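User: I would like to go through this structure step by step, with each answer argued briefly before it is given.

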Amino acid sequence: MTGFWTLQALNMLQHAALLLLISSGLSVSFGLMGFVNLAHGALYMLGAYIGIAVAAKAGFWAALLIAPLVVGALGAALYLGLLCRLRGPMPQVLASFGLVFITVELVRILWGDVALTLERPAILAGSRHVLGVDYPAYRLFIILLGLAVAVGLWRTVHRSSLGAMLRAAVENPAMARAIGIRTGSLFLATFALGAALAGLGGVVAAPILSANTGMAISALIPALIVTVIGGMGSVSGTILGALIVAAIEVFGAALWPDASAVLIYAALAAALIWRPQGLLAVKGHG
C-alpha cells in the first residue's frame, strides 16, 4: 500500500511539473502584464509539433532546445504584430482565441490531423528505483526539469535586476519609463519567455501524451485554473497552484474516479468564492 501512495505522489509531482511549464507564462502575461492570452494553449501545441519535426532530423535533445526558441520567437512576433496593439480584455480574448483556431488549422495543414508522438531518448528509457518503487525515468526527468524551471523563474523575478525592473514596470509604468526602464522591450521579452516555456511544455509532454490538435484547448483550461487558484502574476502562486491542481487530479482519479472530472472545477469555484485574488497573488492583483 505504501508503494501505491509513493507512486501517486510521484505522478502528482510529474503532473505538477508539466502544469507549471504550461501555466507560468500564462500567469506572467495575465497577471503582470494584464494581457488575457488565450492563445497560450496554441503555443504549447506548436511546441509539441515543432519538437517532433526537429527530433526527426536532429534528435530529442535538439528538439528540447530549438522548439522553445522557435515558439518564443513566434510569441514575440505575435505580440509585436498584433497582441500589443489590443486594449481591453474583450479584444484580447477575441483576438487570442481566434489565433487558437488559426493555429489549429495551420497544424492540420502541415502535420495532418493524426496524433503524433516523440521518441524519448535512450538515456531516459526504462525505469529507476525511487523511494521503494520503480518509476519511469522520463517522468523523473520531467519532475527535475519542472523543479529547475520553478527555481529559475523564482530567482529571476525575486532575486535579479530584471525581476526588479519588471515589478517596477508593473507597479508604475510611467515612473519606470521616467527612470529609464524600457517597459515595451521588457514586456516583449517577458511575453516571449512565457511563449518559450509553453513550447518547452509541449516538447516535454509529447513523448507521454502525444501531439494532437486538441492540445490547444485541453492544456489551456488547467493552465487557467492554476493561474486563478495560485494568483495572477505570482511565480510562487503558480507553483502552489500547479501542485494543488495536480494533487486533485491525480489523487482524485485514484480515490474517487467517478467524481474526478468535476473535483478540479469545485476547487476553482471554492477559490473564486473564498480567495478570488488567488492564494499568493502579487500586490495590486486582487
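**Questions on the chain and its helices**

Analyst: Just after helix 4, in this predicted model, G112 takes a positive phi of about 85°.

User: How many residues does helix 4 have, and what distance does helix 4 reach from its first C-alpha to its last?

Analyst: Helix 4 runs over residues 89-111, and at 1.5 Å a residue a span of 33 Å is expected. The computed reach is close to that expectation, and the values asked for are 23 residues and 32 Å.

User: Which residues of helix 4 are buried, and what covers them?

Analyst: The buried residues of helix 4 are Q92, S96, L99, V100, T103, V104 and V107. Their cover includes helix 2 (40-58), helix 3 (60-81) and helix 9 (215-218).

User: How many residues of helix 2 are buried, and which residue with a positive phi follows helix 2?

Analyst: Helix 2 has 19 residues and reaches 26 Å between its first and last C-alpha, close to the 27 Å expected at 1.5 Å a residue. Helix 2 is mostly covered, with 15 of its 19 residues buried. The residue that follows helix 2, with a positive phi near 95°, is G59.

User: Is Y44 buried or exposed, and with which residues is Y44 in contact when its neighbours within four places in sequence are left aside?

Analyst: Y44 lies in helix 2, and because its relative accessible area is 4%, Y44 counts as buried. Although Y44 and V203 are 159 residues apart in sequence, their C-alpha atoms are 8.2 Å apart in space. Once the neighbours within four places are left aside, the contacts of Y44 are I22, A198, G201, G202, A205, L209, M215 and A219.

User: Where is T227, and what is its relative accessible area?

Analyst: The place of T227 is in helix 10, which covers residues 220-230. Not counting neighbours within four places in sequence, T227 is in contact with S23, L26, S27, F30 and M232. T227 is buried, and its relative accessible area is 1%.

User: Which residues of helix 5 are buried?

Analyst: Helix 5 takes in residues 137-158, and its 22 residues reach 32 Å from first C-alpha to last, close to the 32 Å expected at 1.5 Å a residue. The buried residues of helix 5 are A137, Y138, L140, F141, I142, I143, L145, G146, V149, A150, L153 and V157.

User: Which residues does G126 touch, not counting residues up to four places away in sequence?

Analyst: G126 is found in the loop between helix 4 and strand 1, and because its relative accessibility is 51%, G126 counts as exposed. The C-alpha atoms of G126 and L74 are separated by 35 Å, with their positions 52 residues apart along the chain. Apart from residues up to four places away in sequence, G126 touches P136 and A137.

User: Is L131 buried or exposed, and what is its phi?

Analyst: L131 sits in the loop between strand 1 (127-130) and strand 2 (133-136). At 68% relative accessibility, L131 counts as exposed. Although L131 is not a glycine, its phi is positive, at about 55°.

User: What relative accessibility does S210 have?

Analyst: S210 is in the loop between helix 8 (183-209) and helix 9. Its phi is near 70°, a positive value in a residue other than glycine. S210 counts as partly exposed, because its relative accessibility is 24%.

User: What is the radius of gyration of the chain?

Analyst: The chain has 12 helices and 2 strands, which run from the N terminus in the order α-α-α-α-β-β-α-α-α-α-α-α-α-α. Along its principal axes the C-alpha trace spans about 60 × 45 × 35 Å. Because a compact globule of 286 residues would have a radius of gyration near 19 Å, the value for the chain agrees with that expectation, at 19 Å.

User: What percentage of the contacts between residues at least 6 apart in sequence join residues at least 24 apart?

Analyst: Buried residues make up 49% of the 286 residues in the chain. The accessible surface comes to about 13300 Å², of which 70% belongs to carbon and sulfur atoms. Among contacts between residues at least 6 apart in sequence, the share that joins residues at least 24 apart is 78%.

User: How many Å apart are the mean positions of the positive and negative charges of the chain?

Analyst: The chain has 14 positive and 7 negative charges. Taking the mean position of each set, the two are apart by 18 Å.

Methods:
Residues are numbered from 1 along each chain as its sequence is written. This is a predicted model: local features need pLDDT of at least 70, side-chain atom pairs count only at pLDDT 80 or more; totals for chains, interfaces and linings use all residues. Side-chain values use heavy atoms; hydrogens and water are left out. Helices (H or I, at least four residues) and strands (E, at least two) are DSSP runs, numbered from the N terminus. The radius of gyration is taken over C-alpha atoms; the globule rule is 2.2 Å times the number of residues to the power 0.38. Buried means under 20% relative accessible area, exposed over 50%, partly exposed in between (1.4 Å probe, protein chains only). Contact means heavy atoms within 4.5 Å. Accessible areas come from the Shrake-Rupley method with a 1.4 Å probe; for residues, only the protein chains shown count as cover. Lys and Arg count as positive and Asp and Glu as negative; His and the chain ends are not counted. The place of a charge is taken as NZ of Lys, CZ of Arg, CG of Asp or CD of Glu. The expected span of a helix is 1.5 Å times one less than its number of residues.
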